[in-house]
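Please open the model in your viewer and keep the selection panel at hand. The tour proceeds one selection at a time.

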Amino acid sequence: MSATRKILEVKGISKRFGGVQAVSTLSFHLNQGEILGLLGPNGAGKTTAFNMIAGAIRSDTGEILFEGRSLANLKPWDICRLGIARTFQLSKPFGGLTVLENVMVGSFVRTSAEAEARAEAEKVVDFLDMGAKAHTDADDLTAFDRRKLELGRALATRPRLLLMDEVVAGATPNEAGEMVHLVRKVRDLGITILIVEHVMKVIMGLSDRVIVLDYGKLIADGPPKDVVRQPDVLKAYFGERYVDARA
Amino acid sequence: MRTKITFVLGLPLLALALAIPLFVTDSYILHSMAMVLFFAYMASSWNFVCGYVGQLSLGHSAFAGVAGYVTVLLFTQLGVTPWLGMLAGGASAALLSVPVGYATFRLKGPYFTLTTIAFAEILRIWLENTDDFLGIPLKGAQGLTVPPVGGSNFLAFQFDGKVPYYYIILAMLVGVMAATAVMERSRLGFYLKAIRGDRDGAEALGVDPTRYSLTALAISAFLTGLGGAYYAQLFRYINPERNMGIDLSIDMAIMTIVGGQGTILGPTLGALLLHPIGEMVRATIGGSFLGLHLILYGIMLMLAVIYFPKGIIVPLQRLLDGRKGKRAVTRGAVKADALEGKGQ
């Protein structure tokens with residue numbers, strides 16, 4: 001696998017909400033097969049950028065290319081069909097459906113046959129190690145299982161690029177460990193991953209490369225170890241005085 | 001679980017329904033039974049989209065009315081057999097539902113409901129005040145009668161006794177329940193429930209909510225239209241108030257909600273419970289207290305919402321599970337988001 005092949009190219013996207021410039025002319029790319037961490041303090045524009053890629057909101061400027069194809073004017077369901085799946089910050093399973101049935105909603109995007117969708121969903125449920133809960137009503141799951149289920153639904157659409165929003169928020173250390181393990185397993189399937197995360201420790205261990213946003217602008221791009229030492233990044237996270245004190 | 005109760009409770013009910021005309025000869029009672037089945041059919045048609053996608057339409061009577069008028073007019077003006085007329089009427093209702101649904105499905109909750117009421121009422125008021133439209137004699141509020149052809153005539157959809165009408169609507173009810181069962185297991189059924197549960201989440205999984213809601217609405221309108229055509233044939237009379245008034249829409253919705261939205265058997269249970277109550281009240285108290293049956297429906301609805309927000313099918317399901325003394329149902333009976341939270 002050539003690490004240089006770009007699966008996603010974000011070119012100068014911006015978004016303005018009234019008086020707030022949430023994202024301004026942001027450009028970055030994802031290489032095939034990598035895990036890219038998208039970092040930044042609260043309100044930096046991470047989720048806005050994320051939602052623009054997923055087609056949930058439209059960018060004011062620039063363009064986004066997936067495997068060379070522009071995503072302009074595509075709706076979320078079109079983008080899903082192209083091969084980009086996403087998870088949400090707040091996991092809301094489809095109530096009244098079991099775990100397996102929730103995953104089937106995802107697999108129906110590649111087939112209209114119920115038996116095929118079910119077989120595909122069963123594989124995904126096994127992959128998540130949730131086989132014992134396959135027939136549990138999704139409403140009865142714990143918060144962390146809901147998160148796993150959401151990942152499963154996304155995987156069932158057979159994406160080539162997975163966008164993950166805050167995967168370990170609110171998880172116990174054990175659960176966070178399990179999620180990190182799962183994300184690695186997903187990457188081993190050949191799926192490229194963009195992950196937005198607050199928890200530094202998680203993203204540092206998981207990402208091949210991280211980019212950092214602050215006030216809607218890209219302030220760093222590189223391997224995790226290097227990026228955390230950059231003064232701009234420290235300033236964004238800890239403030240000017242922290243950086244001055246260290247100097 | 002749902003399939004189980006459909007069969008365990010549904011099959012004996014079907015056997016009973018099939019046998020009733022063998023014992024009951026009184027034509028008033030048979031007619032009332034046919035009306036119970038009619039309302040079960042209409043509620044099931046309403047449930048096909050509203051129960052699964054979790055939106056409350058109070059405009060479905062328009063589909064029944066339009067199809068009824070198409071059927072009656074085709075028969076009286078062109079001599080087309082009502083059997084074909086029903087299909088044409090259902091198709092007209094389905095066609096009409098697409099632009100209506102396209103405009104309304106982007107609205108949620110009360111806004112959706114109000115818009116559907118407005119649509120149906122506009123159509124009804126227009127019909128009540130239009131005697132002639134492009135040469136078609138609609139006869140306004142007076143309505144249209146279907147002239148008797150004399151005796152039983154299958155092609156003319158006219159029969160001497162009530163028994164044929166009874167079995168026709170019973171067959172239609174079984175048909176709509178079968179259609180619902182097929183839909184539940186299909187991609188459409190999964191997608192509707194996903195849209196009901198979390199619209200954004202469904203979109204991200206490749207579901208175009210408008211497209212699938214509209215597909216289900218068109219099928220639902222078609223089925224409702226068949227019912228409306230049947231209703232017109234049963235009485236050999238159609239007028240805007242009876243056949244497309246808001247009362248009919250409210251009946252469909254309340255029966256489904258009380259019985260259990262988003263289930264195969266729920267709407268029929270609701271009709272079985274509510275229609276006889278309404279009928280008995282009308283027959284005994286009659287004209288001295290008009291609208292009392294609606295007050296009772298309202299009370300039943302309140303009780304259902306308080307004690308069985310997901311319909312009376314839920315306690316029945318529990319009873320069924322309890323009798324078998326089996327493991328706690330992980331599936332938790334029917335978890336349709338009926339009136340609660342997201343459903344509304």
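Begin with strands β1 and β4 (residues 61–66) of chain A, which run antiparallel and are joined by five bridges. The model is a predicted one. To see one of these pairings, select Lys11(A): its bridge partner in β4(A) is Glu63(A).

**The four-stranded sheet of chain A**

Next, keep β1(A), residues 6–17, and add β2(A), residues 20–31. These two strands pair in the antiparallel sense, and eight bridges connect them. Which residue of β2(A) stands opposite Glu9(A)? Selecting the pair shows that it is His29(A). Towards the other end of the exercise, select Phe17(A), whose bridge partner in β2(A) is Val20(A).

Now select the turn. β1(A) and β2(A) form a hairpin, with two residues between them. Gly18(A) lies in this turn and has a positive phi of about 55°.

Widen the selection to the whole sheet. It is open and has four strands of chain A in the order β2-β1-β4-β5, paired in the antiparallel sense. Which strands are at the edges? They are β2 and β5 (69–70) of chain A, each of which pairs on one side only. As general background, strands of a sheet pair through backbone hydrogen bonds, either parallel or antiparallel.

**The six-stranded sheet of chain A**

Move on to a second open sheet in chain A, with six strands in the order β6-β7-β8-β3-β9-β10 and mixed pairing. At its edges stand β6 (84–86) and β10 (217–222) of chain A; each has a single partner strand, so one side of each is left without a neighbour in the sheet. From one strand to the next, the twist averages 15°.

Select β6(A) together with β7(A), residues 161–165: three bridges hold this pair in the parallel sense. Arg86(A) has Leu163(A) as its bridge partner in β7(A). Then add helix α1 of chain A, residues 46–54, which packs on the sheet. This helix touches β3 (35–39), β6, β7, β8 (192–196) and β9 (209–214) of chain A, and its direction makes about 150° with that of β7(A).

**Where the chains meet**

Display both chains. How many residues does each chain bring to the contact? Chain A provides 29 residues and chain B provides 23. On the side of chain A that touches chain B, the elements giving two or more residues are α2 (76–82) and α3 (99–107) of chain A. By class, that side has eleven nonpolar, eight polar and ten charged residues.

**Two helices of chain B**

Select α2 (residues 27–53) and α11 (residues 246–259) of chain B; their axes come within 8 Å and cross at roughly 75°. This crossing makes α2(B) roughly perpendicular to α11(B). From α2(B), the residues to highlight are Phe39(B), Met42(B), Ala43(B), Trp46(B), Asn47(B) and Gly51(B). They meet Asp251(B), Met252(B), Ala253(B), Met255(B), Thr256(B) and Gly259(B) in α11(B). The residues of this contact divide into seven nonpolar, four polar and one charged.

**The largest nonpolar core**

Finally, select Ile195(A), Leu37(B), Phe38(B), Ile169(B) and Tyr191(B). Among the 164 residues of the largest nonpolar core, these touch the most other members. The element giving the most to this core is α2(B), with 17 residues. End at Phe38(B): leaving aside its neighbours within four places in sequence, Phe38(B) is in contact with Ile169(B), Gly227(B), Tyr230(B) and Tyr231(B).

Methods. Residues are numbered from 1 along each chain as its sequence is written. Chains are lettered from A and ligands numbered from 1 in the order in which they are written. This is a predicted model: local features need pLDDT of at least 70, side-chain atom pairs count only at pLDDT 80 or more; totals for chains, interfaces and linings use all residues. Two residues are in contact if their C-beta atoms, placed from the backbone, lie within 7 Å. Ala, Val, Leu, Ile, Met, Phe, Trp, Tyr, Cys and Pro count as nonpolar, Asp, Glu, Lys and Arg as charged, and the others, Gly among them, as polar. Two strands pair if DSSP finds at least two bridges between them. Axes are lines fitted to C-alpha atoms, for helices over the stretch in contact, and angles run from 0 to 180 degrees between N-to-C directions. Angles under 35 degrees count as roughly parallel, over 145 as roughly antiparallel, 65 to 115 as roughly perpendicular and the rest as oblique. A nonpolar core is a set of buried Ala, Val, Leu, Ile, Met, Phe, Trp, Tyr and Cys residues joined through C-beta atoms within 7 Å. A residue is buried if 20 or more other C-beta atoms lie within 10 Å of its own, exposed if 12 or fewer, and partly exposed in between; C-beta atoms are placed from the backbone.
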